[in-house]
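Let's talk through this fold, question by question. Have the coordinates open as you read.

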Amino acid sequence: MTRVLITASFPNELLDKIRSVSNRLEVEQIQNADRHWPADKTTEAEIIYAMGDAPPPDLAPNLRWVQTHWAGVDHMVNKPIWNSGIVLTTASGVHTTNIAQYVFTQLLYWSGRVSRWRYYQARSEWPRDRWEKFVPQEMRGATLGILGYGSIGREIARIGKIGFGLRVLATKRNARRLEDEGYRLTGTGDPSGEMVDRIYPTEATRSMLGECDFVVVTLPLTPDTHHFINEDLLRAMKPDAYLVNIGRGQVVHESDLIKALKKGWIGGAGLDVFETEPLPADSPLWQMENVLITPHVSGFTPFYDARATDIFVENLRRYLAGEPLLNVVNRELGY
């Protein structure tokens, strides 16, 4: 038997789906309320589906593979499990539809001047200069830049290209390898790289930004991406361009961003993630009219657990069949 330990609070229907993969599986569920692995708890599990921390190898002598509940693994870096030879896989791909929807909510808000709708409605006012105040920025023919062409970036590109007629540019660490080999919901994303008009290597980000009307940050947090968006790159953007960050807050140098918004280097920003969370009440970002803030909610979806289970089920099938797993973490890259 292959012992599988689940530390997520999955309902019985999802546990049954996991068990149905094979009668060779022995599936157990425990719940760690604070998501920390107890210092005195050992396990004989060969596979762990981890909602939070995974056990250090000395407490899990048979452990060979950990599937995380999350798409990012920055919470695991430099912990004992990270420095072991145990395979780590992620839930990358679970967020594609809901985060892409969030991104286009932001883009439509900015391009459609939506804040002005509410402003004049609240005052029961029908302004005389309606053209100047309400003429939108049409998205068709505009240029969308995506920093990071993973599962989320690819779905944003697909919707932007097909749904809105955007010209799509993107940066990718390996610009010559366009195929998507990770988990993908059927009918989503850009598996062969056909939706992007041009791919830039990461070192050419500055050149790409100067062409973009909208820029979406989907980068994971790694040593290479910490404060990647800084004053230099913000100055390279168009003064009427909008930045949307749904990656990690620390990818953007927040004080540089505040300066860019105050000085008009960029038109505005839609921010779901921040260097410090919750965002401190005294942050200037709260009061800026050219900023739309959400409290790290772009990844929310009522289907998260079901989709995450589907990823795990497919990887379980692959594991038992001796096939390559999906979403394997490259520790050198940090994701």
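A quick definition to start: two strands pair if DSSP finds at least two bridges between them, with strands (E, at least two residues) and helices (H or I, at least four) taken as DSSP runs numbered from the N terminus. This is a predicted model, where local features need pLDDT of at least 70, side-chain atom pairs count only at pLDDT 80 or more, and totals for chains, interfaces and linings use all residues. Residues are numbered from 1 along each chain as its sequence is written, and side-chain values use heavy atoms, leaving out hydrogens and water.

Q: Which strands are the edges of the open five-stranded sheet with order β2-β1-β3-β4-β5?
A: The pairing in this sheet is parallel. An edge strand here pairs on one side only, and that picks out β2 (25-29) and β5 (87-89).

Q: Which residue of β4 stands opposite Y49?
A: Strands β3 (residues 47-50) and β4 (residues 65-68) run parallel and are joined by four bridges. Across from Y49 in β4 you'll find Q67.

Q: What angle does the direction of helix α9 make with that of β4?
A: Helix α9 (residues 304-321) packs on the sheet and touches β1, β2, β3, β4 and β5 (contact is heavy atoms within 4.5 Å). Axes are lines fitted to C-alpha atoms, for helices over the stretch in contact, and angles run from 0 to 180 degrees between N-to-C directions. For α9 and β4 that gives about 160 degrees.
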